[in-house]
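Grab a pencil and work through a few short exercises on the model below. Each task comes with a solution that goes step by step.

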Amino acid sequence: MSERLIIVGAGQAAAQAVQSLRAEGFDGPITLIGDEAWPPYQRPPLSKAYLLGSFARERLFLKSDQFYRESDCTLILGARVAAIHRAEKTVELADGRKLAFDKLLLTTGTRVRRLRCPGADLAGVHYLRDIADVDGLQAVFRPGARIAIVGGGYIGLEVAAVAAKRGLDVTVFEAMDRLMARAVSGPVSDFFAAEHEKSGVKLKLRTGVEAIEGDGRVEGIKAGGQAYPADIVLVGIGVLPKDELATRAGLASQDGIVVDGNGRTGDPAIFAAGDCTRHIGREGTAIRLECVQNAIDQARHCALAIAGKPASYSEVPWFWSDQYDLKLQIAGLARAGDQIVLRGDPAARKFSVFHLRGGIVAAVEAVNAAPDYLAGRKWIADGARIAAEKLADPSIPIKQMA
Ligand SMILES: Cc1cc2nc3c(=O)[nH]c(=O)nc-3n(C[C@H](O)[C@H](O)[C@H](O)COP(=O)(O)OP(=O)(O)OC[C@H]3O[C@@H](n4cnc5c(N)ncnc54)[C@H](O)[C@@H]3O)c2cc1C
């Protein structure tokens, strides 16, 4: 008899899972339950072209209605799964409905980390995770408005770039001593800091936010002992895995639902994929990734396992960020102690930073340098050894290096 599959969370991983399950011959009924009003959509444009207003909402959706119909996938939207009953193999919706499964796939993603300081709940404090958040932000995104961005990571900086382009007065507050410090090397941080400043964005590094001030709604922000006027606050200080369904059902989570290389949790009937998971990465350490690549690849591997063709997950992580006309592409995971090799000239707004570990390419960060990124990603997958002097010499074409 065909197995019944339920997917909880209608996002990037879920859409991929439906596609891959059918491609791999899974023939049971699929039910996809999501708590947002929308079918699965891509989030990356939310802080980029969609916020800018140059990307129509319809283009966000990952699949058409026809795709779900033809995939025999029932969508239950605007419905939150409140509990998993493992013994009876059902999920319970917040409205009390119970649905039975043979296999369950959790793709519940993340929730934003919330600012905890006086005034954090004032009207005018925004976060950016879903379509509704952007719609709320659009309503107040007016030229001349003063926006204080808390957090100099990807989301904060992408919003800063859009806001500057749209004529807002932008200040970014970052507690660390450089931008995107968790994700990029010093030269890349410094380059983006200079680009933001060129566009009029004020950067306050080493400046922790102490309070949001205002009477009922935002009027200013207190940071590093100083007061700054502000009309809007956008908080981008990271995300936390939505793992509570799993943990309440007795499944292990360590800042992410623990899964093996097939996306399996400790229960052989329950899988998980995407931002909500933690897995053992290529380098042998447990890792939680928050990127489209991981959501897609893990969903594929879950689909393979559910369809009875398990293949272990060991993909090179990759990520991108768009700020102004700059495309930052990253592959692999850098570590402190890597040898850093600069290729090209940041002043030309086209360069890359390679990370060598024991002479082997471990990561690449490329700015407007897609060929370097693509070569680097392949080298990381192959475990290639490339001499630092060659990499640093832009007169040697990247294609002639391996
Ligand atoms: C603004 C923004 C910009 C980004 N930019 C990039 C980028 O440039 N490059 C990149 O690689 N990545 C980017 N990301 C990250 C990327 O979007 C995520 O890694 C990806 O969406 C993860 O997919 P997912 O399926 O794991 O989770 P999600 O796509 O977040 O989907 C999870 C879904 O599950 C729902 N859900 C959770 N719990 C329940 C429940 N109990 N019942 C029902 N539904 C539930 C959630 O509401 C959500 O709709 C960005 C993210 C954001 C927010």
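**Exercise 1. Find how E18 and E20 are joined, then place them in their sheet.**

Step 1: Strand E18 and strand E20 (residues 277-280) run parallel, joined by 2 bridges. Strands here are DSSP runs of E with at least two residues, helices are runs of H or I with at least four, and both are numbered from the N terminus. Two strands pair if DSSP finds at least two bridges between them.

Step 2: For a specific pair, look at Ile-257, which stands opposite Thr-277 in E20.

Step 3: Now zoom out: the order E18-E20-E21 makes an open sheet of 3 strands with mixed pairing. Its edge strands, each pairing on one side only, are E18 (257-258) and E21 (286-287).

Before going on, note that this is a predicted model, where local features need pLDDT of at least 70 and side-chain atom pairs count only at pLDDT 80 or more, while totals for chains, interfaces and linings use all residues. Residues are numbered from 1 along each chain as its sequence is written.

**Exercise 2. Describe the hairpin of E22 and E23.**

Step 1: E22 and E23 (residues 326-332) pair in the antiparallel sense, over 6 bridges.

Step 2: Trp-318 has Ala-331 in E23 as its bridge partner.

Step 3: The hairpin has 2 residues between the strands, and Tyr-324 takes a positive phi near 55°. Most residues other than glycine have a negative phi.

**Exercise 3. Track down Met-180 and Arg-349: is each one buried or partly exposed?**

Step 1: Met-180 sits in the loop between strand E11 (169-173) and helix H6 (186-198), and its phi is positive, near 45°.

Step 2: Met-180 counts as buried because it has 23 C-beta neighbours inside 10 Å. The cut-offs are 20 or more other C-beta atoms within 10 Å for buried, 12 or fewer for exposed, and partly exposed in between, with C-beta atoms placed from the backbone.

Step 3: Arg-349 lies in the loop between strand E24 (339-345) and strand E25 (350-357), with a positive phi near 60°. Arg-349 has 15 other C-beta atoms within 10 Å, so it is partly exposed.

**Exercise 4. Pick out which residues touch the most other members of the largest nonpolar core.**

Step 1: A nonpolar core is a set of buried Ala, Val, Leu, Ile, Met, Phe, Trp, Tyr and Cys residues joined through C-beta atoms within 7 Å.

Step 2: Of the 66 residues in the largest one, Ile-147, Ile-149, Val-159, Ala-160, Val-233 and Leu-234 touch the most other members. Helix H5 (residues 154-165) gives the most to this core, 8 residues.

Step 3: There's also a second, separate core of 43 residues, with Ala-272 and Cys-302 among them.

**Exercise 5. Work out which residues come nearest the ligand, and which domains supply its shell.**

Step 1: 36 residues are around the ligand (C-beta atom, placed from the backbone, within 6 Å of it), and Gly-9, Gly-11, Ala-13, Gly-109 and Gly-274 come nearest.

Step 2: Elements that give two or more residues to the shell include helix H1 (12-23) and helix H8 (292-306).

Step 3: Domain 1 (5-111 + 239-306) and domain 2 (125-235) each give at least three residues to the shell; the domain bounds come from an automatic or database domain assignment.

Step 4: The centres of domain 1 and domain 2, taken over C-alpha atoms, are 30 Å apart.
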